[in-house]
Amino acid sequence: MGSIVPEVVNFAARNTKEVGDVLGIGASKRVEWAKGLLEGGPVNGTIFYAGEMYPVMGYSEGAFRILRRVEGLMEINHLAKIGPIMRKLGIYTVGMNSLWGGINKRYEKALQDAVKVLKGLGVEIGFLFEDEPPSGVALHTYGLLREFKEHANWVRERFKELGVKRIVTLDPIVATAFRLYYPEFVDGWDIECYHFVEVVAERIAELGLKFDLGRKIRVTYHDPCYLSRTLGVVDEVRFILSRIDGVELVEPERRGIFTGCSGDGGLELTQPPVARKVSLDRVMELKRTGASLVLTSCPACILMLRTGFDSIGHRIEVEDLASLIAEAMARGSERVESELKNFKRYKVFPKSPHFDSLSLEDLSKVLKMETDRCKKCGFCNVECPTSKAMNRLESRSSRGRVTLINSLVGGDPVRPKEVLDRLYTCVLCGRCSQECPAGLHVQELIVYGRAYAIYSGTVP
Ligand code: SF4
Ligand code: SF4
């Protein structure tokens, strides 16, 4: 029997390990955006970290746009099979670039804008260029935790050799990896990591700056799950926008730590129809704000929202907050009162379960103990975006996933397809954990449940 894990997951995991980004575009192309803009190597121990998504996200957007148009005729697994053949022929990167290089420029521009903003605010940063190691966060997402652990320890050594002490990144998913996952998987991890908006908000407050966009615009902001709910960064964004004259912020119904998922979480690769339904729900909500520009702070959210708006034929720009700040800063600034602000760091999730090791024995012991605590109340199901997208099917709900993990580690017979259809249809948004009266860290249990399914051979 062949593997039921979609070819594209293996493709993404292999590329991350071997080439450094999910699509396998390669380091030289990935760092082109930074040439002439940043110094090589850390500056006072600090680097700007682009990560493995932002520099290549436009290629994914291009591929997803085509796949949506030819739905039913071709799917992403076919593209994942063609990729390695094209690479062997030496035409992969050139082909990808000629097809979707134009779309990718918009993501590269966001990185350039972020660097201009940071430098304009006097933040000293360098860049590792082709030496930048990938965070490997996709390995974590898909439950390949042993591989993630090995990779993360290698990254730690690379950073040590290169003298990295502090990381500033525009990508909240890699910020989550460095801030939450690495300390768990790498002994003695001591590298600080900040998201761009944290650094920018602090500097604007400290320097007492105000900007003028030079035009009036109504914007809405989509809080990425990883930035708001997971890292607890919410107020900084509102503060930054309040310092730009000409900008009127209209908030969507779900915002801040209660934000709605844009449909990513790796789902566009494993379960595209579900990802699209989740994304549709969110774009309709953002459309209702009447804003003429959607801002956010995550490459995966930008992709899902752009393609989501495209699918409903609503013409609207979706861009990284960094680009709006860069536009305003380019017109100069005015000094107002400087202040030292202590932005609130929201603590949303319960304590993570502790796993002594990634042995099957430890995984099953902790997963059993945790999932046995579930009271079956179903409070977690109410706001679960994928449960809603799949007609409230119990088996595809948060509670259904917890129940499946309990059966899996309890030795009940579980079919591989059930694991794929239930555990791999979760976007890891964490909305469920906010509602759980038993204090279960549901999305983390799902990641460890995926790992158990892989290493126990349940998923071939
Ligand atoms: S199970 Fe939880 S983390 Fe997964 S999609 Fe539902 S609410 Fe989000
Ligand atoms: S909210 Fe918590 S206790 Fe209730 S069903 Fe969901 S996981 Fe179980």
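Which residues of strand β3 (residues 192-195) lie on its covered face, and which on the uncovered one? The legends below take up this point and then move outward through a predicted model.

**View 1. The two faces of strand β3 in the predicted model.** In β3, C193 and H195 make up the covered face, whereas E192 and Y194 make up the uncovered one. This arrangement can be read against a general pattern, in which the side chains of a regular strand alternate between the two faces of the sheet.

**View 2. The parallel pairing of strands β1, β2 and β3.** Strand β2 (residues 166-169) runs parallel to β3 and is joined to it by four bridges, and Y194 of β3 is the bridge partner of V168. Strand β1 (residues 46-49) also runs parallel to β2, again with four bridges between them, and here T46 stands opposite R166 of β2.

**View 3. The crossover from β2 to β3 by way of helix α8.** Together with helix α8 (residues 172-185), the strands β2 and β3 form a β-α-β unit, and this unit is right-handed.

**View 4. The largest nonpolar core, with F159 and F196.** This core holds 144 residues, and the members that touch the most others are F159 and F196. Helix α21 (residues 442-455) supplies the largest share of the core, namely nine residues. Apart from this core lies another one, of six residues, which include V56, Y59, A63 and W100. In soluble globular proteins, nonpolar side chains tend to be buried together.

**View 5. The surroundings of F196.** When neighbours within four places in sequence are left aside, F196 is in contact with A114, V117 and L118, with V168, T169 and L170, and with A322 and I325. Of these contacts, V168 is also the residue whose bridge partner in β3 is Y194.

**View 6. The largest pocket and its lining.** The largest pocket, with a volume of about 800 Å³, is lined by 34 residues, of which L180, Y181, E184, S352 and E444 lie nearest its centre. The elements that give two or more residues to this lining are α6 (137-141), α8, α10 (225-230) and α21. Among these elements, α8 gives the most, with five residues, and α8 is also the helix of the right-handed β-α-β unit in View 3.

Notes. Residues numbered from 1 in each chain as written. Chains lettered and ligands numbered in written order. Predicted model: local features only at pLDDT ≥ 70, side-chain atom pairs only at ≥ 80, totals over all residues. Heavy atoms only, no water. Buried < 20%, exposed > 50% of the residue type's maximum accessible area, 1.4 Å probe, protein only. Pairing = 2+ DSSP bridges. Right-handed = clockwise from strand over helix to strand, strands pointing away. Core = buried A, V, L, I, M, F, W, Y, C linked by side-chain atoms within 4.5 Å. Contact = heavy atoms within 4.5 Å. 1 Å grid on protein atoms, 1.4 Å probe; cavity = no way out; pocket = protein on both sides within 12 Å on 5 of 7 lines; lining within 4 Å. Points joined across faces, edges and corners; volume = space filled by probe spheres on them.
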